[in-house]
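Student: I'd like a close look at one helix residue and the part of the chain around it. Could you walk me through how exposed that spot is, and then work outward into the packing?

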Amino acid sequence: MDGSNPHREGLTTLHHDWTMIPAGKLVERQTPVLLSNGISAAPVFDEAKNSFTGMFDYGDLMAYILILLKKMDPPQDQTLEMRDLIQKANNSQSVPLGEFPKLQAVMQTTLHACGLDHSNVLSVNGNAPVLDALVKMSSNSVSSLAVLDDQGILLGNISMTDIQHVMKHLKSSWLWISCFQFISKIRLSRGVETGEDQYPVLDVSAGSTFGYTLLKLQATKVHRLWVVQDNGSVAGVVSLTDVFRVLSKLIDN
Amino acid sequence: MGSDLDRQIDTLLQCKIITEAEVKELCLKAREILVEESNVQRVDAPVTVCGDIHGQFWDLKKLFEVGGECPKTNYLFMGDFVDRGHHSVETFLLLLALKVRYPDRITLIRGNHESRQITKVYGFYDECFQKFGSANVWRYCCEIFDYLSLSAIIDDRIFCVHGGLSPSINTIDQIRTIDRMQEVPHSGAMCDLLWSDPDPDSCTGWGLSPRGAGFLFGETVAKPFLHNNGLELIARAHQLVMEGYKLMFDETVVTVWSAPNYCYRCGNVAAILEIDANLGKSYTIFRDSERNSMASRSTPQREGPPDYFL
């Protein structure tokens, strides 16, 4: 850590290269930072306040993009913070920056037309132990797997976030239960925390539009949606990374 | 036959299971009754409307103490009889047996948990397997789920549904045209009725649900629906309410939750909505039964006590 760099003061001595996003910059410039570093959230550093003001993540970006679809007048105050932008936009107030007609077009394109229904989907059988899923994710450098039954029908999703949750609570015995049982425990736990149970399978179809997929990602607050065929088998996956890859192409043009 | 059913009800009232053969027989009889019911089942006031039970058998018994025994009290249960609690089997079979015994004094409508896919994840399948040694009872019950009504209407004025409204449905008559006798679909009108939630914070009419099925609907959707269908209230369940019940949208939508101390840890109270002959409404709150702490020690567990993240 370079102690003379004021941006790094107060940070831990972990060997991350913290990627920072200057507060107040336009969101279009923040997205490449996230993508090129392969991370899903970055701290936002406000030079004026010389402190961290929050995390900028894909959720914010998605909310922003969705709001862009509505026609808004630019506000007079151009120094609005990113977080304030989202807040204002959520309250249906004006959002700066012009319209993006190309964005509108992409929103109405199907996942099939976007080529997002042909991803190579990595999966694990519902009866396999969680440990197998962990090994597979690790050796393939992916953060989640589709959990399938013997017929290849999607039962749910197992992700590194879920497994980290297990580790945090030291329930190592759960590494040996089946993936399906694991999904069940995760769902049971989450449902009682929120007071409402979620559908076990979070998916879209190849015919769903890109815009609908974004809306569903934002509504369900997940990092990926499986693309399934009518019979329930998996055709692909749309992750936040895929979404912003598509959107970034528009921004660059 | 009649005395058999009474005996089975007595057994179930003690939280004891009947045999697999008896379950099969009971389901056959129940099917004959349920197949005649409408997607929007007509119910006459007075009636006591109840929300989710989720296998909390002793709390259901408490509900009957508070609301009065069936058939003396006319009951309407808005679904989610199974999953999560320790006694989904006894709970559902008791309600079903009461339905067969007193078909005009108890109405059961379908919740989102009355589904093959959901019960495999949220506990009912495992409980059936554990208590009966096979998946047969689960299959019989799932077939019955397919026959349950989607909703009910009390004196043409109070609409009762487990989840909420659907963008595909503007009139009660449209609900009548749904082919309900199937597994709950992943999307569409039938799914929405069982999965949607009212959204008190919503500025716009409809939103995608964080649950991944159904929709969120705002006041701007609920009020016109009520007006266009001549209704004064939508009663629904589906969401945990710490205070037992929650009124929204100028008291035109109410969530009724009937599983106290949900999952034996949430610390909430439960409620029932008593509707009198003049459609006067009163809410009664109740707490969980003391029998729960006794029961969890003696009930065979799946893999140790329910494992919830803390």
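Tutor: Sure. Keep in mind that this is a predicted model. Start with B:Glu143, which counts as partly exposed, at 36% relative accessibility. B:Glu143 sits in helix H7 of chain B. To place it relative to something farther off, take B:Tyr75: the two are 68 residues apart in sequence, and their C-alpha atoms are 23 Å apart in space.

Now the helix itself. H7(B) has 12 residues and runs 17 Å from its first C-alpha to its last, close to the 16 Å expected at 1.5 Å a residue. So how much of H7(B) is covered? Mostly covered is the answer, with nine of its 12 residues buried. Those buried residues are B:Val137, B:Trp138, B:Tyr140, B:Cys141, B:Cys142, B:Ile144, B:Phe145, B:Asp146 and B:Tyr147. Note that B:Ile144, right after B:Glu143 in the numbering, is among the buried ones, while B:Glu143 is partly exposed. What covers the buried residues of H7(B) includes H2, H4, helix H5 (116–122) and H6 of chain B.

H2 is a good next stop. Helix H2 of chain B covers residues 20–34, and at 1.5 Å a residue its 15 residues should span 21 Å; the end C-alpha atoms are 20 Å apart, which agrees. Buried in H2(B) are B:Glu22, B:Val23, B:Leu26, B:Cys27, B:Ala30 and B:Leu34. Looking down the axis of H2(B), the buried residues fall within an arc of 135°, so they line one face of the helix. On the other side, B:Ala21 and B:Glu32 are exposed. The buried residues of H2(B) pack against helix H1 (2–13), H4, helix H6 (124–132) and H7 of chain B.

H4 has now turned up as a partner of both helices, and it leads to the core. The largest nonpolar core has 48 residues, and B:Leu63, B:Phe64 and B:Phe77 touch the most other members. Helix H4 of chain B (residues 88–101) gives the largest share of this core, nine residues. As a general habit, nonpolar side chains in soluble globular proteins tend to be buried together. Take B:Phe64 from that trio: setting aside neighbours within four places in sequence, it contacts B:Glu69, B:Cys70, B:Tyr75, B:Phe77, B:Leu94, B:Leu95 and B:Leu98. B:Tyr75, the distant reference point for B:Glu143, is therefore one of the contacts of B:Phe64, with contact meaning heavy atoms within 4.5 Å. Apart from this core lies another, of 41 residues, including B:Ile175, B:Ile178, B:Ile234 and B:Phe249.

One of those B:Phe64 contacts, B:Cys70, also has a backbone feature. The peptide bond from B:Cys70 to B:Pro71 is cis, with omega near 15°. B:Pro71 is in the loop between helix H3 (57–67) and strand E3 (75–77) of chain B. Another cis peptide bond joins B:Ala45 and B:Pro46, with omega about 5°, and B:Pro46 is in the loop between E1 and strand E2 (47–50) of chain B.

Strand E1 (residues 40–43) of chain B holds B:Gln41, which counts as buried at 16% relative accessibility. Not counting residues up to four places away in sequence, B:Gln41 touches B:Thr107, B:Ser149, B:Ser151, B:Ala152 and B:Ile153.

Back to H7 for the cysteines, since B:Cys141 is one of its buried residues. Which cysteine sulfur is nearest to that of B:Cys128? The sulfur of B:Cys141 is, at 5.4 Å, and B:Cys128 is in no disulfide. B:Cys128 is buried as well, at 0% relative accessibility. As for B:Cys50, its sulfur is 10 Å from the closest cysteine sulfur, in B:Cys160, which is too far for a bond. With a cut-off of 2.5 Å between sulfurs, the count comes to zero disulfides over all chains.

So, to come back to your spot: B:Glu143 is a partly exposed residue on a helix that is mostly covered, and that cover includes H2, H4, H5 and H6 of chain B.

Definitions and conventions: Residues numbered from 1 in each chain as written. Chains lettered and ligands numbered in written order. Predicted model: local features only at pLDDT ≥ 70, side-chain atom pairs only at ≥ 80, totals over all residues. Heavy atoms only, no water. Core = buried A, V, L, I, M, F, W, Y, C linked by side-chain atoms within 4.5 Å. Buried < 20%, exposed > 50% of the residue type's maximum accessible area, 1.4 Å probe, protein only. Helix = DSSP H or I, 4+ residues; strand = E, 2+ residues; numbered from the N terminus. Expected span 1.5 Å × (residues − 1). Arc of directions from axis to C-beta.
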